Amino acid sequence: MFYRFFTEIGIIHQLGRAVIEARFPSDITTTHFGVLGHLMRRPDGQTPLDLATAFQVPKTTMTHMIKVLVRHGYVEVTPHPEDGRSKLVRTTEAGKAFISESMVAMAPEFGTLVDRIGADAVEALLPGLARIRETMDAMRDP
């Protein structure tokens, strides 16, 4: 049961990622988009280590992702005001605009999906999926 469950989620993720990434610049991925969304919910910024931990990737991988986002002007990296050895990453106005424009660009395709499945069916799945995510997230913390 769990194998099939995670297989279905994995396939849905791959199909969704293809739809989403088709609307991005070639070097922007759904993970970059996720980092931007994460930072939008944290206007005070996050350290690269905080981001690496949140996304469960090595710090070097996150550093590379941040460099790509900086190159596009979607984030800024500034010295940490309380820790001179660290930096803070924040979303820029261009990053916020990119998120908004991307959501608009994805709306027709995902709207068609919702039309075919039904908004109620999609909405009904959300509480269970959130519970699974929250439980699994809590399980990874020591």
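**Exercise 1. How far apart are the mean positions of the 16 positive and 17 negative charges of the chain?**

Before solving, a word on the model. This is a predicted model, in which local features need pLDDT of at least 70 and side-chain atom pairs count only at pLDDT 80 or more, while totals for chains, interfaces and linings use all residues. Residues are numbered from 1 along each chain as its sequence is written, and side-chain values use heavy atoms, with hydrogens and water left out.

*Solution.*
- Step 1: pick the charges. Lys and Arg count as positive, Asp and Glu as negative, and His and the chain ends are not counted.
- Step 2: place each one at NZ of Lys, CZ of Arg, CG of Asp or CD of Glu.
- Step 3: compare the two mean positions, which lie 5 Å apart.

**Exercise 2. Describe the chain as a whole: its elements, its spans and its surface.**

*Solution.*
- Step 1: list the elements. The chain has six helices and two strands, in the order α-α-α-α-β-β-α-α. Helices (H or I, at least four residues) and strands (E, at least two) are DSSP runs, numbered from the N terminus.
- Step 2: take the spans. The C-alpha trace extends about 50 × 40 × 25 Å along its principal axes.
- Step 3: turn to the surface. About 9800 Å² is exposed, and carbon and sulfur atoms supply 60% of that area; accessible areas come from the Shrake-Rupley method with a 1.4 Å probe, and for residues only the protein chains shown count as cover.
- Step 4: ask what is covered. Of the 142 residues, 26% count as buried. Buried means under 20% relative accessible area, exposed over 50%, and partly exposed in between (1.4 Å probe, protein chains only).

**Exercise 3. Which residues of α2 are buried, and what covers them?**

*Solution.*
- Step 1: locate the helix. Helix α2 takes in residues 30-40, and eight of its eleven residues are buried.
- Step 2: name them. They are Thr30, His32, Phe33, Val35, Leu36, Gly37, His38 and Leu39.
- Step 3: find the cover, using contact (heavy atoms within 4.5 Å). The cover includes α1 (2-21), α3 (48-55), α4 (59-71), β1 (75-79), β2 (87-91) and α5 (93-117).

**Exercise 4. Check the length of α4, then work out its two sides.**

*Solution.*
- Step 1: compute the expected span, which is 1.5 Å times one less than the number of residues. For the 13 residues of α4 this gives 18 Å, and the end C-alpha atoms are 18 Å apart, so the two agree.
- Step 2: collect the buried residues of α4: Met62, Met65, Ile66, Val68 and Leu69. They lie on the same side of α4 because they cover an arc of only 160° around the axis, taken from the directions from the helix axis to the C-beta atoms.
- Step 3: look at the other side, where Thr60, His64, Lys67 and Arg71 are exposed. Threonine 60 counts as exposed because its relative accessibility is 63%.
- Step 4: name the cover of the buried residues, which includes α2, α3, β1 and β2.
- Step 5: step past the helix end. Just after α4, glycine 73 has a positive phi of about 80°.

**Exercise 5. Is threonine 92 buried or exposed, and which residues does it contact?**

*Solution.*
- Step 1: find threonine 92 in the loop between β2 and α5.
- Step 2: apply the cut-off. Threonine 92 counts as buried because its relative accessibility is 18%.
- Step 3: leave aside neighbours within four places in sequence; threonine 92 then contacts Gly73, Tyr74, Val75 and Glu76.
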